[in-house]
Amino acid sequence: MYSEKVMDHFSNPRNVGEIENASGVGTVGNAKCGDIMRIYLDIDENHVIRDCKFKTFGCGAAVATSSMATELVKGKTIEEAMQVTNRAVMEALDGLPPVKVHCSLLAEEAIHAALWDYAQKNHLVIKGLEKPKEDIHEDERREED
């Protein structure tokens, strides 16, 4: 059912915790499944993500996708972090069962929400970044993309 990578990131999640005085914090949830993700970013003056941490309330797939998402954005520029999609998170985890794809959508949206917070705090416009939704419902069209 779950890949070895999913099980590893669930059993040994990377980057768990909070960043005090974070550059950006994004919180998203899915009322339908009850998962909530919060991602913290520490971004330097060159717009590079120095550190990324998360706190997630949810299933094992939610924890695993949060963990992988933080790994994928650490050391990246804001523009590079914008390219981390739910598909990239799933591929990095060697896939997710279809009923857990929404967890990867939450991870993508949590990154975007944290970037939005950073942009708002610093009066920046990040190309392609839209105001985040607080409640992400399972969107079958996006899951198929």
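Visitor: What makes Gly75 worth a look, just after α2?

Guide: Gly75, right after α2, takes a positive phi of about 85°. Bear in mind that this is a predicted model, where local features need pLDDT of at least 70, side-chain atom pairs count only at pLDDT 80 or more, and totals for chains, interfaces and linings use all residues. Residues are numbered from 1 along each chain as its sequence is written, and side-chain values use heavy atoms, with hydrogens and water left out.

Visitor: Why is α2 called a helix?

Guide: Helices are DSSP runs of H or I with at least four residues, strands are runs of E with at least two, and both are numbered from the N terminus. Helix α2 has 14 residues, 60–73.

Visitor: How do you know that the span of α2 agrees?

Guide: Expected span is 1.5 Å times one less than the number of residues. For α2 that gives 20 Å, and its end C-alpha atoms are 20 Å apart, so the two agree.

Visitor: What makes α2 largely enclosed?

Guide: Buried means under 20% relative accessible area (exposed is over 50%, partly exposed in between; 1.4 Å probe, protein chains only). In α2, 11 of the 14 residues are buried, so the rest of the structure largely encloses it. Among them are Ala61, Met68 and Val73. Those buried residues pack against elements including β2 (35–43), β3 (49–57) and α5 (101–121), a contact being heavy atoms within 4.5 Å.

Visitor: Why is α5 called mostly covered?

Guide: In α5, 18 of its 21 residues are buried.

Visitor: Which helix has the lowest mean pLDDT?

Guide: pLDDT is the predictor's confidence in each residue, from 0 to 100. Helix α6 (residues 140–144) has the lowest mean among the elements, 40, while β3 has the highest, 97.
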